[in-house]
Amino acid sequence: MKSRSLSIRFFLLKALYYAILVSYSSFILAYLKQARSLSDSRSSLLLMVYTIGAFCGQFVFGRLCDYFHTHKKVFFLACGLIVPVALVLFYSRSFPVIALFYALFGCCSMPLSAIVDTWFLD
C-alpha cells in the first residue's frame with residue numbers, strides 16, 4: 001500500500017493532466033473550426049483520427065513501458081512529445097497536416113492517464 005502523501009501527489013498529477021487535456025482538447029477543435037474554416041464533416045474526421053490515435057497510443061506507450069521497465073520516463077517522453085505536436089497543430093494550415101498531428105496528439109495525450117495509473121500501482 002502506498003503512503004497517503006504519495007497517493008495525494010498522484011491524484012494531483014491526474015487532476016492536472018485531465019484539466020490540461022480537457023481545456024486544450026476542447027479549445028483546439030473550436031479554434032480550428034473557426035480559424036481554419038473547417039466544416040462539420042472535417043471536424044468529425046479530426047475526432048475520428050484523434051480517437052484512432054488515442055487507441056493506437058495505448059499500445060505504443062504500453063509497449064514502451066514494458067520495454068524500458070519504467071513508467072516515469074515514458075510519461076515524461078509523452079509529455080515532451082505533446083508540446084511540439086500541439087504547437088504544430090496550432091500553427092499549421094494544411095488539413096492533412098492538421099489531421100496527422102491531431103492523431104499524434106491523441107496518440108501522445110490519451111495514454112498518459114493509464115501510464116500514471118500503472119506508475120502508481122508499480
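This is a short tour of a predicted model, stop by stop, with something to select at each one.

**Stop 1: the whole chain**

Start with everything shown as a cartoon. You'll find five helices and zero strands, so to speak a plain α-α-α-α-α when you read along the sequence. Turn the model around: along its principal axes, the C-alpha trace spans about 50 × 25 × 20 Å. The chain has 122 residues, and 38% of them are buried. Take the contacts between residues at least 6 apart in sequence, and 77% of those join residues at least 24 apart.

**Stop 2: α2 against α3**

Now select residues 40-68, helix α2, and residues 72-91, helix α3. What angle do these two pack at? It is about 145°, and their axes are 10 Å apart. To see what touches, show the side chains of Phe61, Leu64 and Cys65 on α2, then Val74, Leu77, Ala78 and Leu81 on α3. That contact is made of seven nonpolar residues, with no polar and no charged ones.

**Stop 3: the turn-offs between helices**

Next, pick His69, in the loop between α2 and α3. Its phi is near 55°, a positive value in a residue that isn't glycine. His69 counts as exposed, at 69% relative accessibility.

Then hop back to Ser37, in the loop between α1 and α2. Here again phi is positive in a residue other than glycine, this time near 50°. Ser37 is exposed, with a relative accessible area of 62%.

One more loop residue: select Ser92, between α3 and α4. Is Ser92 buried or exposed? Its relative accessible area is 10%, and under 20% means buried, so Ser92 is buried. Setting aside residues up to four places away in sequence, Ser92 touches Arg36, Val97 and Ile98, so put those three on screen with it if you like.

**Stop 4: the largest pocket**

Switch on a surface and look for the largest pocket, which holds about 300 Å³ of space. Its lining is made by 14 residues. To find the middle, select Tyr17, Ile20, Cys79, Ile82 and Leu112, the ones nearest the centre. Which elements give two or more residues to the lining? They are α1 (4-35), α3 and α4 (95-109). Helix α1 supplies the largest share, with six residues. Colour the lining by class and you'll get 13 nonpolar residues, one polar and no charged.

**Stop 5: Leu112**

Stay at the pocket and zoom in on Leu112, which sits in helix α5. At 3% relative accessibility, Leu112 counts as buried. Which residues is Leu112 in contact with, leaving aside neighbours within four places in sequence? They are Tyr17, Phe75, Ala78, Cys79 and Ile82. Ala78 is a name you have met before: that residue is also part of the contact between α2 and α3. If you want to try the distance tool, pick the C-alpha atoms of Leu112 and Val83: they are 14 Å apart, with the two positions 29 residues apart along the chain.

**Stop 6: the salt bridges**

Last, go looking for charges. Side chains of opposite charge can pair when their charged atoms come close. A search of the whole structure finds two salt bridges.

For one of them, select Lys14 and Asp117, whose closest N and O atoms are 2.8 Å apart. This pair links distant parts of the chain: Lys14 is in helix α1 and Asp117 is in helix α5 (residues 111-121), 103 residues apart. Lys14 is buried, with a relative accessible area of 17%, while Asp117 counts as partly exposed at 35%.

For the other, show Asp40 and Lys33, whose side chains meet at 2.4 Å, N to O. Asp40 is exposed, with a relative accessible area of 55%. Lys33 counts as partly exposed, at 31% relative accessibility.

**Before you close the viewer**

Try one combined view. Keep the cartoon of the five helices, show Tyr17, Ile20, Cys79, Ile82 and Leu112 around the centre of the largest pocket, and add the bridge between Lys14 and Asp117.

Terms used
Residues are numbered from 1 along each chain as its sequence is written. This is a predicted model: local features need pLDDT of at least 70, side-chain atom pairs count only at pLDDT 80 or more; totals for chains, interfaces and linings use all residues. Side-chain values use heavy atoms; hydrogens and water are left out. Axes are lines fitted to C-alpha atoms, for helices over the stretch in contact, and angles run from 0 to 180 degrees between N-to-C directions. Helices (H or I, at least four residues) and strands (E, at least two) are DSSP runs, numbered from the N terminus. Contact means heavy atoms within 4.5 Å. Ala, Val, Leu, Ile, Met, Phe, Trp, Tyr, Cys and Pro count as nonpolar, Asp, Glu, Lys and Arg as charged, and the others, Gly among them, as polar. On a 1 Å grid over the protein atoms alone, a cavity is a set of points where a 1.4 Å probe fits but cannot get out, and a pocket is an open set with protein on both sides within 12 Å along at least five of seven lines; lining residues have an atom within 4 Å of a point. Grid points are joined across faces, edges and corners, and a volume is the space filled by probe spheres set on the points. A salt bridge is a side-chain nitrogen of Lys or Arg within 4 Å of a carboxyl oxygen of Asp or Glu. Buried means under 20% relative accessible area, exposed over 50%, partly exposed in between (1.4 Å probe, protein chains only).
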